[in-house]
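Work through these exercises with the model open beside you. Each task is followed by a solution in steps.

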Amino acid sequence: MHTEAIRTAIDTYQGRLIRFAARITGDLESGRDVVQDTFLRLCRQDLEPIADHLAAWLFRVCRNRALDVRKKERPMVQLAQAATEPTDPGAGPDRLVERDDLSRRALAALAELSPAQQEVLVLRFQEEMSYREIAEVTGRSVSSVGVLIHVGLQRVRTALGVHSNAPQGGGGRIDG
Amino acid sequence: MAEQRDDDQLTAYTLGELEAAERERVEALLATSAEARETVEGTRAAAAALRAALGSEPTASLTPAQRARVERAMRHPKRDWGRLVLMGGTLAATIAVVVAISTPSLLRARIPARSASVPAQSRVIPPSDLERLKALGYVVASPMDSSPAGGPPASEPSNETYAERRDNAFVPVALEPRSTFSVDVDTASYSLVRRYLTTGQRPPLDAVRIEEMVNYFQYGDPPPVDGPPFAVRLDVADCPWAPAHRLVRIALKGREVARGQRPPSNLVFLLDVSGSMDEPDKLPLVKRALGLLVEELGERDRVAIVVYAGAEGIALPSTSAADRGRILEAIESLATAGATHGSAGIRLAYEVARGAFVRGGVNRVILATDGDFNVGVTNAGDLARLIEEQAKSGVFLTTLGFGRGNLNDQTLETLADRGNGNYAYIDGPSEARRVLVEQAGGTLVTIAKDVKLQVEFNPARVQAYRLIGYENRLLATQDFADDAKDAGEIGAGHGVTALYEIVPAGAAFAAPAVDPLRYQAAPRAATAHGSELLLLKLRYKQPDGATSAPLEVALADRQQRFDQAPADFRFAAAVASFGMQLRASPHRGSASLADVLAWARASLGDDPGGQRREFVRLVERAQAVGLPDR
């Protein structure tokens, strides 16, 4: 049923959409409103044409709505201060601690970038979208997305002082 | 600026976003430039840091009031106009109910298993869209359609999904003298059927794939000595379930690779650690299977573990198998963790594989799941493309299914297909041992890829033919010589068997009525090679090759009664007959399960590993559940 699909979509995507929207509007409450509007829009949408790229569609609608809301209200502010429930219940305490230092610096480096660069890096590394999906969500061309990600990522890399040629470590584990 | 563009390319390469030609250019650059390599490493590290930092950012939910508002709108989609800013899309006047069935299969990860999830009403979708959705693994055949009236209890309600499949029919040679298909070495269907029968249930018809059941078993065909990477053998005898027909067995056997000769392996395990994996036949079995595999690896091999859907990220960076203790410790500490909004997954696994890429070796991502595909790529089309691109560039994908109730058999098979790998269903420790230890060569080491077969039948001797199984491996006639068209792979030591049921010329056959051609004369009877039944042509590529090489073998007709045929022939026929009866195939002829037992018992042979004896017990179980019921 149509309603089943929408409920599934809400359960699957609301968390990530609210996080994404709140990053744009600057606070959690308006983030929630934006996502409510996004799902209201979904209720009136013919599902068939968007079924195979539902996430990109949701994020695009959500982003456009969030930008409209922001224009009417305050400039962008970091979400980091918002008090919300934690995710990733699987993380052990020591893993959380190891992550924090590198993560803090990574987020700080991210915050120094232009809004366009921040947005594409978030879509790539938080939402794991492909260049093509990011292009669909942001309304940019795939090559623009590539350039923005490249420039942004290199600036983060410089800020983190990362010149490693050791094998990859996940999120800051020292024993990499 | 060319320089700027080069730099973008390095970043895009690091993130796995380049197409084949560009990627090869970058790899060539990396081979010669230490600076470029350092850039790639640094970029990867920065990406990993961002991923970890962003992944741990908290999410939130709609308030109950907001949720209620959306609920109301779901039921009355036309109201609440004024609240929204229209984005310019068209508002649909009708709602695609059938597609609503299909979307949950990708989003299903969050929802606990519900029974009878297929609704009663549906609307017709245009055929082209339906095919596209099916190909992406979305549209589900209703399990209720497969159950006959009465008979033994249907399988327990579950969220398992099997692609619908209709048996190949007899094809008149006058209509189409050539049969073309791709090899398949998946074996999942046999272990699935085994799981159902050993728990006293009737297997769903669409879980029974005869070619996978026949290919599960070891046959005694000798491997090649030199030349092509596989040996070919043909045999023909009377068809035991249709006395007027003949049965042809085509057997391919891949070159063996001794353990010491195996090329170095770079393996990345991508493991589902969602809450649903917390059952004895799931994550604990995965861990045990991995442990078995690691025992088989050596200092030239590397193992990494990436987890998704419960926790997320790299549980073990790429580690030399010489450091066995560390790997086993990482495996031991794997644990399930509810459901998260995690986003690391398959892209990360491929990035890790790229980071430890071994030229000329085995580079493979091995996905183990009970059906949860929340691997971080949200668009199914992009997931398939990602897997295909990675396979083209040398990182193959193998899929392993575990557990019951949530298995997405169709998707697992499709992904392995796109990823130039194989799909196995692990129903217990001995199957884990079989797939990851005994068959590790075959599971991991590909010796020939894009292997295609084309059989041309001699109209003087053959009136009609039927390929048993391989329904979703059929190729168009012109695809045989088209190297751009993908086909299946053969692993070291793997055997592939294909069976054709033949209606000889002169035998009774109700040919379908087809109008004669207006502009061409009716086909004449064969004029040469009069004693041959058929010509088998094969094409295959070397694992890292792009052009195919041909092979040809003709089969001369000979009279051979079924009981005179070699044991392997008779055993394969027994398995095929069993499969046809489980599927209630219209072509199963006059055979019964008692016949299957008699044929199997008489062809046990050496029975390495006791597999054939196990098959006999399985058939007895099928009898005990009252199969077949027609």
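This is a predicted model.

**Exercise 1.** Find the partner of strand β6 (residues 302–308) of chain B that pairs with it over 5 bridges, and place that partner in its sheet.

*Solution.*
- Step 1. The partner is β7(B), and the two run in the antiparallel sense.
- Step 2. Check one bridge: B:Val307 has B:Gly313 of β7(B) as its bridge partner.
- Step 3. Now widen the view. The open sheet has 6 strands in the order β7-β6-β5-β8-β9-β10 (chain B), and its pairing is mixed.
- Step 4. β7 (313–320) and β10 (423–426) of chain B are the edge strands, each pairing on one side only. From one strand to the next, the twist averages 15°.
- Step 5. Add the helices. Helix α12 (residues 324–332) of chain B lies across β6 and β7 of chain B, at about 160° to β7(B). Helix α13 (residues 346–355) of chain B lies across strands including β5 (265–272) of chain B, and runs at about 165° to β5(B).

**Exercise 2.** Which strands stand at the edges of the sheet that holds β1 and β3 of chain B, and why is one side of each left without a neighbour?

*Solution.*
- Step 1. Write the order: β1-β12-β14-β4-β3 (chain B), an open sheet of 5 strands with antiparallel pairing.
- Step 2. β1 (171–172) and β3 (230–238) of chain B are the edges; each has a single partner strand, so one side stays without a neighbour in the sheet.
- Step 3. Look inside the order. β12 (residues 462–468) and β14 (residues 495–504) of chain B pair over 6 bridges. B:Leu467 stands opposite B:Tyr500 in β14(B).

**Exercise 3.** Describe the course of helix α1 (residues 2–25) of chain A.

*Solution.*
- Step 1. Compare spans: a straight helix of 24 residues would cover 34 Å, but α1 of chain A spans only 30 Å between its end C-alpha atoms.
- Step 2. Look for a bend. A kink of about 55° is centred on A:Tyr13.
- Step 3. Check cover: 21 of the 24 residues of α1(A) are buried.

Methods
Residues are numbered from 1 along each chain as its sequence is written. Chains are lettered from A and ligands numbered from 1 in the order in which they are written. This is a predicted model: local features need pLDDT of at least 70, side-chain atom pairs count only at pLDDT 80 or more; totals for chains, interfaces and linings use all residues. Side-chain values use heavy atoms; hydrogens and water are left out. Helices (H or I, at least four residues) and strands (E, at least two) are DSSP runs, numbered from the N terminus. The expected span of a helix is 1.5 Å times one less than its number of residues. The bend at a residue is the angle between axes fitted to the seven residues ending there and the seven starting there. Buried means under 20% relative accessible area, exposed over 50%, partly exposed in between (1.4 Å probe, protein chains only). Two strands pair if DSSP finds at least two bridges between them. Axes are lines fitted to C-alpha atoms, for helices over the stretch in contact, and angles run from 0 to 180 degrees between N-to-C directions. Contact means heavy atoms within 4.5 Å.
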